[in-house]
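Open the model in your viewer and switch to a cartoon view. We will move from one selection to the next.

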Amino acid sequence: ALLLEGEAAIGAVDDHPALTVPLRIEGRFGGVLSFLALGPARLHDRTDLVLAEELGRRTSLMLESDRRR
């Protein structure tokens with residue numbers, strides 16, 4: 001499984017490298033942000049995961065802000 005216990009993870013989907021990041025809205029699980037590499041084979045590393053987590057955090061903040069309007 002790519003996403004274990006709501007934590008960001010590196011894995012694969014149909015043999016394509018993938019990153020998944022949970023989206024938390026008001027402290028609750030609100031969805032998943034996924035990144036798939038469909039081009040030439042490329043393995044994700046810790047730097048990619050850190051960037052994906054930051055993008056997920058910012059996306060969650062945006063969604064949370066939008067819900068409050």
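Start with the sheet of this predicted model. The sheet is open, has 3 strands in the order β1-β2-β3, and pairs them antiparallel. Colour β1 (9-13) and β3 next: they stand at the edges. Each has a single partner strand, so one side of each is left without a neighbour in the sheet. Look at the twist as well: neighbouring strands are turned by 35° against each other on average, direction ignored.

Now select β2 and β3. Their antiparallel pairing runs over 8 bridges. Pick Leu23 and look across to β3: Gly31 stands opposite.

Add α1 to the view. This helix lies across β1, β2 and β3. Relative to β2, α1 runs at about 35°.

Zoom in on Ser60, in helix α1 (residues 46-67). Is Ser60 buried or exposed? Ser60 is buried, because its relative accessible area is 7%, and the cut-off for buried is under 20%. Show its contacts beyond four places in sequence: Ser60 touches Leu23 and Arg24. Leu23 is the residue that stands opposite Gly31.

Last stop: Glu26. Select the loop between β2 (16-25) and β3 (28-36), where Glu26 lies. Glu26 counts as partly exposed, at 45% relative accessibility. Which residues does Glu26 contact, leaving aside neighbours within four places in sequence? They are Glu64, Arg67 and Arg68. Finish with a distance label from Glu26 to Ile10. The two are 16 residues apart along the chain, and their C-alpha atoms are separated by 25 Å.

Note on methods:
Residues numbered from 1 in each chain as written. Predicted model: local features only at pLDDT ≥ 70, side-chain atom pairs only at ≥ 80, totals over all residues. Heavy atoms only, no water. Helix = DSSP H or I, 4+ residues; strand = E, 2+ residues; numbered from the N terminus. Buried < 20%, exposed > 50% of the residue type's maximum accessible area, 1.4 Å probe, protein only. Contact = heavy atoms within 4.5 Å. Pairing = 2+ DSSP bridges. Axes fitted to C-alpha atoms, helices over the stretch in contact; angles between N-to-C directions.
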